[in-house]
Amino acid sequence: MKKTYRGSCHCGAVRFECDLDLAPAEQRSAPELPGVWWTSTFRCDCTYCLKTRMWKGFVRAKDFRATAGDEVLGDYLFGTRAIHHRFCKACGVTTYASASMEQLGGDFYAVNIACLDDATPEELERAPITYEDGANDAWDRPPARTRHL
């Protein structure tokens with residue numbers, strides 16, 4: 001079931017809220033849209049996610065609220081330049097990304113699960129994780145090695 005989480009960067013300048021379901025697969029509510037993005041969290045092996053250790057949870061735009069820090073947010077685009085990777089210019093922490101893609105139902109945010117301040121250790125341990133082979137643009141399968149993710 002969806003729950004409202006509050007998140008922030010390391011220094012606290014960037015803050016957000018999101019409605020996200022971190023429950024294990026057998027306890028999750030039915031997703032509002034089709035697609036794996038709404039049924040799991042994700043670890044990717046693309047160069048950006050590896051270097052920032054990004055652990056993504058996808059939320060629809062209506063389920064995301066930036067509450068502080070717009071003035072200190074940096075924006076990084078790379079590759080196809082379709083995804084805005086947002087980070088705090090004060091402490092450097094990547095807090096979330098945003099984009100609009102038809103296959104995901106339009107506008108969405110990918111929050112950094114590690115930035116959720118009030119997710120309990122138990123919720124994080126039980127959250128389903130899907131591994132993505134972003135290094136080879138093969139998003140529908142896990143990479144050969146996941147231990148380092």
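1. In this note, contact means that heavy atoms lie within 4.5 Å. The structure is a predicted model, in which local features need pLDDT of at least 70 and side-chain atom pairs count only at pLDDT 80 or more, while totals for chains, interfaces and linings use all residues. Residues are numbered from 1 along each chain as its sequence is written, and side-chain values use heavy atoms, with hydrogens and water left out.

2. Val93 is a useful place to begin, since its position is in the loop between strand 7 and strand 8; strands here are DSSP runs of E with at least two residues, and helices are runs of H or I with at least four, numbered from the N terminus. Not counting residues up to four places away in sequence, Val93 touches Cys9, His10, Arg86, Phe87, Cys88 and Cys115. Of these, Cys115 is 22 residues from Val93 in sequence and 8.6 Å from it in space, C-alpha to C-alpha.

3. Is Val93 buried, exposed or partly exposed? Val93 counts as partly exposed because its relative accessibility is 24%, where buried means under 20% relative accessible area, exposed means over 50%, and partly exposed lies in between (1.4 Å probe, protein chains only).

4. The two strands that flank this loop, strand 7 (residues 84–88) and strand 8 (residues 94–101), pair in the antiparallel sense over four bridges, pairing being taken to require at least two DSSP bridges between two strands. Arg86, which is also among the contacts of Val93, stands opposite Tyr96 in strand 8.

5. Strands 7 and 8 belong to an open sheet of seven strands with mixed pairing, in the order 6-7-8-9-4-3-10. Its edge strands are strand 6 (73–76) and strand 10, each of which pairs on one side only.

6. Within that sheet, strand 3 (residues 41–44) is joined by three bridges to strand 4 (residues 55–60), the two running antiparallel, and pairs in the parallel sense over four bridges with strand 10 (residues 129–132). Arg43 has Trp55 as its bridge partner in strand 4 and stands opposite Tyr131 in strand 10. Both faces of strand 3 are covered, with Thr41 and Arg43 buried on one side and Phe42 and Cys44 buried on the other.

7. A further open sheet has three strands in the order 1-2-5, with antiparallel pairing. Strand 1 (3–8) and strand 5 (64–68) each have a single partner strand, so one side of each is left without a neighbour in the sheet. Strand 2 (residues 15–20) is joined to strand 5 by four bridges, and Glu17 stands opposite Arg65 in strand 5.
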